[in-house]
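Please open the model in your viewer, set the side chains to be shown as sticks, and follow the stops below in order.

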Amino acid sequence: MHRTYSMRQSRAPTASQLETPPPPTSSTKHGRLFGKSNFGHAFRKQTAGAFGPDLAKKLSQLVKMEKNVMRSMELVGRERMEVAQQLSLWGEACDDDVSDVTDKLGVLIYEIGELEDQFVDRYDQYRVTIKSIRNIEASVQPSRDRKQKITDQIAQLKYKEPNSPRIVVLEQELVRAEAESLVAEAQLSNITREKLKAAFTYQFDALREHCEKLAIIAGYGKHLLELVDDTPVTPGETRAAYDGYEASKAIIQDCEDALTNWVQSGAAVKSGLSQRSRTLSQRRKANAAKRAEGVDLSGQDASLKSDRNSWVPAGEHGEYDDGEEEDEEEVDGETRGRVKIVISFGSILTFIVCTIALTLTYSYIASSPKQEFDSSSMTTSAIKNVTKAMSSLKAAKIVKRPSSARGHADHGWLNTYHTFSFASYWDPRHEQFGSLRVLNEDRVAPNTGFPTHPHRDAEIFSYILSGQLTHRDSMMKRGAEGKASKEQFYRMERGDVQFTTGGTGIAHSEQNEHSTDWVHFLQIWAWPWKKGLKPTYHTSTFPEADKTKGFVPIISPLKAGIKATNEEEAAAVPTINGTIPVHADLLFSAGIIKEGGKFDYRVGGEDGATFSKLGRKVYVHFPMTKGGKAKIRLDGREVLSEGDGAYVSEVNAGDILSVESIGETDAEVVVLDSN
């Protein structure tokens with residue numbers, strides 16, 4: 001179909017796209033398995049949630065059914081584009097007026113197909129949000145199961161052995177289990193409401209835009225039909241020559257302008273409420289406003305004055321099972337709906353080559369001599385290797401993450417900023433970056449803090465910027481490490497780093513037990529390379545003097561990698577000597593750059609420090625430590641103020657990222673480098 005005045009001739013963003021940026025393209029649009037038939041739809045629907053927790057089964061089925069809806073809409077869009085082409089081909093052999101009008105009608109119908117394709121992407125945003133509720137439901141199931149198991153044991157003992165001393169012990173365990181589950185249940189309640197509203201807002205906004213644009217196209221289509229001369233002619237009579245070419249082009253151009261300039265605020269159809277509905281809605285909002293605001297319980301619990309005896313022993317935490325693993329892929333850090341499976345000889349050959357390469361790599365790692373782990377010393381060679389320049393970042397993509405755009409919550413006792421979606425803050429554009437999932441900059445008031453709460457399947461570490469933070473967990477043993485005392489705690493100060501592998505389940509607390517000073521620290525989570533690891537923890541101190549010489553590596557991958565044996569896990573040897581080992585292809589480094597100075601950060605660290613060499617993702621964070629007086633410049637082009645961060649992508653191991661201090665004082669900078 002020749003589209004002289006195609007509405008997609010220009011790919012400039014429309015007014016609606018500028019007002020509300022479109023989501024990433026759905027990853028389920030082409031080459032899918034079991035995707036073109038009713039069998040595929042039925043198979044997905046019937047198997048949804050079959051292997052997951054009972055609590056999440058119904059929502060799992062809904063998510064799968066929505067995937068079927070999306071695939072059906074995608075098929076409709078493609079078929080409509082083919083119809084448009086066929087209409088133009090048929091009209092080409094007709095009279096001039098019919099030929100011209102059918103060609104232009106084909107343009108409009110083809111545009112409808114493309115709008116439906118865009119609608120699928122926005123619909124997928126709704127589905128992903130609903131899916132996040134399902135994931136929260138699945139995470140709550142273990143705590144419910146544990147409570148039910150203890151309740152059943154108590155009932156059984158009361159029936160068989162009413163005087164058993166075990167009943168008292170189990171009742172105490174039940175109290176602890178119920179207290180522990182309060183956090184998860186409250187999180188489920190809060191996030192269900194928040195994300196339900198967000199999900200259907202995505203859907204209804206997309207639906208409104210789609211329908212209004214279809215109405216625009218329909219209106220201009222009727223204008224095109226008026227160019228067809230339908231006056232009856234007698235046999236032998238000749239119609240007047242067609243002179244509507246310029247008019248049809250103008251109609252197409254007007255339609256394109258109308259679609260390009262459409263915004264939500266200019267929607268023609270308004271949903272007005274009756275007086276009764278409006279009164280009832282206002283009364284509902286007023287009643288809700290009278291109630292106290294909910295407390296954020298997603299890891300940011302209400303403060304406790306003292307938490308010395310509230311930690312839970314590791315033995316009281318059972319194994320966790322995630323249930324169903326949905327077969328999906330990630331797009332820019334966010335899981336998207338449908339699966340792209342393209343099977344060809346080339347892809348099979350590539351898969352075989354990559355498999356051989358990975359096997360050889362892991363064999364080499366396993367056979368390499370083990371390094372001794374020393375958390376109290378940092379080798380000078382490690383610092384020099386990290387700061388040694390080797391290449392530039394001209395081809396790198398650097399995207400600034402302004403401090404003002406982060407999520408923020410001030411609970412009085414806690415003032416926190418969220419780089420990524422966390423607790424009540426959620427932004428689908430900032431879910432994670434590589435294996436980096438959480439980066440919170442927290443300030444906690446004196447004599448308050450986070451009470452004991454559980455974690456699993458996450459690598460969690462705290463980097464202290466100022467003040468004191470007291471850590472307790474269910475793994476800590478008397479005098480086991482560092483400053484751990486007979487009261488089983490570890491009190492951290494500036495320069496200290498505390499690292500925890502959540503694994504199958506661990507409970508910990510973080511309290512500011514100082515009487516006058518606030519504590520300022522970074523709380524960072526990363527996804528491990530596999531689940532079900534044994535819970536562990538490490539603490540170490542990294543002197544400030546070293547950080548003034550260059551970027552100091554603090555955390556590096558476990559050298560044995562994803563296939564580490566129990567002995568290698570216990571040895572905990574990192575790829576960089578003197579650092580803390582993490583179960584992820586992640587480096588964490590920190591540096592303090594003097595005013596006017598410059599550090600060079602080597603992506604991927606020293607040779608052998610990381611497993612993945614290509615396509616690394618580097619996040620630079622500039623903590624708020626100098627009252628706004630410090631500034632830095634990345635790669636000679638992007639200026640960051642305190643609190644800002646930057647996504648650095650399209651870089652490989654060995655590339656050099658320069659960081660300059662251009663403010664009025666020293667600049668403390670942290671770098672998180674992952675695959």
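## A glutamate with two arginine partners

Begin by selecting R491 and E513, which form a salt bridge in this predicted model, with the closest N and O atoms 2.6 Å apart. The pair connects distant parts of the chain, since R491 belongs to strand β10 (residues 490-492) while E513 sits in the loop between β12 and β13, 22 residues apart. R491 counts as partly exposed, because its relative accessibility is 25%, and E513 is likewise partly exposed at 21% relative accessibility, the cut-off for buried being under 20%.

Keep E513 selected and add R472, with which E513 forms a salt bridge whose closest N and O atoms are 2.8 Å apart. R472 lies in strand β9 (residues 469-473) and E513 in the loop between β12 (506-512) and β13 (519-526), so this salt bridge ties together parts of the chain that are 41 residues apart in sequence. R472 counts as buried, because its relative accessibility is 0%.

## A buried pair

Next, select E431 and R437, whose side chains meet in a salt bridge with an N to O distance of 3.9 Å, a value to be read against the cut-off of within 4 Å. Are these two residues buried or exposed? E431 counts as buried at 16% relative accessibility, and R437 counts as buried at 15%.

## Two helices side by side

Now select helix α3 (residues 57-91) together with helix α4 (residues 96-160), and turn the view until both axes can be followed: they come within 8 Å and cross at roughly 170 degrees. That crossing angle makes α3 roughly antiparallel to α4, because angles over 145 degrees are placed in that class. If you colour the contact of α3 with α4 by residue class, you should find 22 nonpolar, nine polar and 12 charged residues.

While helix α4 (residues 96-160) is still in view, select D100, D103 and K104, which are linked in a network of salt bridges.

## The whole model

To finish, return to the full structure and display every pair that meets the salt-bridge rule: the count comes to 24 salt bridges, including R491 with E513, R472 with E513 and E431 with R437. In general, side chains of opposite charge can pair when their charged atoms come close.

Notes
Residues are numbered from 1 along each chain as its sequence is written. This is a predicted model: local features need pLDDT of at least 70, side-chain atom pairs count only at pLDDT 80 or more; totals for chains, interfaces and linings use all residues. Side-chain values use heavy atoms; hydrogens and water are left out. Axes are lines fitted to C-alpha atoms, for helices over the stretch in contact, and angles run from 0 to 180 degrees between N-to-C directions. Helices (H or I, at least four residues) and strands (E, at least two) are DSSP runs, numbered from the N terminus. Angles under 35 degrees count as roughly parallel, over 145 as roughly antiparallel, 65 to 115 as roughly perpendicular and the rest as oblique. Ala, Val, Leu, Ile, Met, Phe, Trp, Tyr, Cys and Pro count as nonpolar, Asp, Glu, Lys and Arg as charged, and the others, Gly among them, as polar. Buried means under 20% relative accessible area, exposed over 50%, partly exposed in between (1.4 Å probe, protein chains only).
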